[in-house]
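I opened this notebook to record what I looked up in the structure. The entries follow the order of my queries.

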Amino acid sequence: MKKGYPRFFLLPGLILLIAIIIFPLLFTIRVTFSSWNVSQTGLNFIGGENWAEMARDTRYWGSMLRLFYLSFLTVAIQYALGFAIALFAWKGIAARRFFRVLWLIPMMTTPSLMAIIWRSIFTEDIGALNGILSRVGLNPVNWLTESGPANIAITIVEVWQWTPFMFLILLAGLLSLPKEPFMAAAIDGASAWKTFARVTFPMMAPISIGAIMIRLIDASKIFDSVFTMTRGGPGNATETPAAYIFQRSLQDFQIAYGSTLALMYLILAILTLTIIGKVFARLSKPRGI
Amino acid sequence: MYKVLKATFITIWSLFVLFPIMWAITTSFKPESAVVNGATFIPFLEFQPSLIGWKAILPGPDSITNLITPTLNSFIVTAGATAISLIFGSLAAYGLSRFTYGWKNYSNADIIFFFVSQRIMPPVVLAIPFFLLLKELKLLDTHLGLILVLTSGLMPIVVWLMVDFFNALPREIDEMAMLEGCNPIQAFFRTILPLSKPGLTVAGMFCVIFGWNDVFFALTLTATKVLTLPVAVIALNGTVTPYWILAASTVFSIIPLVGLAFVIERFLSRGNLGGAVR
């Protein structure tokens with residue numbers, strides 16, 4: 001085959017993407033070695049000062065640690081629940097088509113706008129949730145101003161918003177599974193649980209991995225819910241790196257320092273996701289179908 | 001026993017999914033007194049519905065904002081970014097599915113990861129450099145500028161979905177076309193593209209969802225001319241607008257995409273979506 005054809009397909013997209021992304025990326029790298037804020041015109045060079053400050057920035061590393069458990073926890077819950085409802089919507093319940101539409105809806109809504117609605121639900125004096133709690137005779141909870149409940153509130157919002165993403169991908173995967181393995185399992189008299197553990201789940205491994213990876217990438221950017229509902233508070237109890245970087249670079253206008261934090265975040269995210277990807281690839285290979 | 005558990009689970013999950021939506025809809029019809037004096041839930045019983053929130057956002061004498069132009073802007077920007085991402089993304093995905101690219105030690109898998117990794121960048125990081133870039137190119141506050149920036153986040157999704165989709169299409173299809181004298185480009189457009197409608201539809205839907213719902217870039221890279229719908233609502237939020245107006249404008253701006261849920265379901269039930277992620 002002539003050499004030009006493969007290039008015709010790949011290069012336009014690749015070049016377009018690089019053209020869009022190259023300047024922002026190089027600029028971010030350069031800015032981390034300066035003390036630039038919006039008022040200065042040129043870029044100075046201050047060496048690794050920003051990087052040294054970052055190493056000492058406990059608020060940053062605290063937010064990083066928080067992101068770690070927040071993203072893994074929310075994606076794990078989303079996967080488990082998404083898989084469960086995908087199995088129900090796959091076969092075995094009445095009015096499947098109704099439930100499929102219903103369960104997709106949260107993904108269609110704008111996260112930053114729903115965060116406003118969620119804030120009005122969690123708001124402590126006039127919010128819906130405390131209204132319900134007081135009607136059934138329970139004490140109101142400080143959903144947004146107490147560290148534990150605030151983290152639960154963020155988790156609830158993330159699970160509500162993104163479980164449908166898992167649901168959609170997994171349901172589409174289930175619908176495309178070949179029928180033969182299930183017939184074989186039925187002939188062998190395998191129980192429902194065994195069929196799931198030995199047939200359905202392994203066959204869904206590649207799709208599961210893809211869905212989990214994309215969700216982890218997006219979850220690492222958790223921002224809308226945090227910023228709208230708690231502003232990272234109380235204190236820094238719900239602050240994620242994205243929210244902290246936003247604070248430093250776009251509200252305090254310490255753009256150079258904010259970029260340093262952002263670049264480090266990017267490096268860590270790529271490293272972590274690469275490792276997770278490799279682990280998944282290894283886990284799913286020997287058992288493949 | 002299992003049936004009871006299943007029914008309970010489905011009921012609880014459905015109520016959970018519906019609750020914020022119902023809360024937004026009821027709040028949008030509440031008068032001031034039904035919001036500020038504590039939570040109320042049931043219309044007519046607990047509060048007398050009022051149109052005060054909706055009158056504030058729809059054209060008319062009581063209107064405090066214009067949401068019609070932002071709606072059009074959102075349509076243009078979403079459609080533009082989706083189209084560009086689909087065209088360039090699916091071409092690249094087809095190439096990555098059928099040919100082997102090599103450059104030093106980098107393989108196809110690395111190139112795919114490069115595409116997908118563009119999604120890792122948090123918008124917060126890119127906001128300022130994108131602002132400077134678009135300013136230099138005189139694209140600030142234009143449809144095209146926002147479309148290009150959104151494309152960088154949407155194309156990775158298209159490539160990720162479409163590589164898997166093309167991998168699932170038998171190679172014999174394009175080989176057959178080439179035996180009959182097509183070159184690979186003709187083979188792609190004549191035989192593969194018509195078979196790819198389900199995959200392209202799914203990828204396109206994801207693009208529409210993520211493009212429509214983007215707030216961060218639209219907020220930082222556009223000002224007045226290309227205000228998108230979510231940003232217009234966020235702007236209301238910034239000026240401490242009461243909850244009934246916020247709720248009405250939120251409901252208004254999520255209606256177009258909730259309609260999309262029905263379209264997706266139709267595809268699912270016809271089995272078309274199935275092949276798209278395998």
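Entry 1, contact range. I began with the contacts in chain B between residues at least 6 apart in sequence, and I found that 74% of them join residues at least 24 apart. I note that the model is predicted.

Entry 2, secondary structure. I counted 13 helices and zero strands in chain B. Reading from the N terminus on, I wrote the order of elements as α-α-α-α-α-α-α-α-α-α-α-α-α.

Entry 3, extent and burial. Along the principal axes, I obtained a box of roughly 75 × 65 × 35 Å for the C-alpha atoms of chain B. Chain B has 278 residues, and I recorded 48% of them as buried.

Entry 4, domains. I looked up the division of chain B and found domain 1 (2-50) and domain 2 (70-240 + 253-277). I then computed the separation of their C-alpha centres, which is 35 Å.

Entry 5, interface. How many residues of chain A are in contact with chain B? I found 69 residues of chain A in contact with 78 residues of chain B. On the side of chain A that touches chain B, helix α1 (residues 4-31) of chain A supplies the largest share, with 16 residues. By class, I listed this side of chain A as 53 nonpolar, 13 polar and three charged residues.

Entry 6, confidence. For chain A, I read an average pLDDT of 86, with 96% of the residues scoring at least 70. Within chain A, confidence is highest in helix α3 (residues 58-90), at a mean of 92, and lowest in helix α11 (residues 224-229), at 84.

Definitions and conventions
Residues numbered from 1 in each chain as written. Chains lettered and ligands numbered in written order. Predicted model: local features only at pLDDT ≥ 70, side-chain atom pairs only at ≥ 80, totals over all residues. pLDDT = per-residue confidence, 0-100. Helix = DSSP H or I, 4+ residues; strand = E, 2+ residues; numbered from the N terminus. Domains from an automatic or database assignment. Contact = placed C-beta atoms within 7 Å. Nonpolar A, V, L, I, M, F, W, Y, C, P; charged D, E, K, R; others polar. Buried ≥ 20, exposed ≤ 12 C-beta atoms within 10 Å, placed from the backbone.
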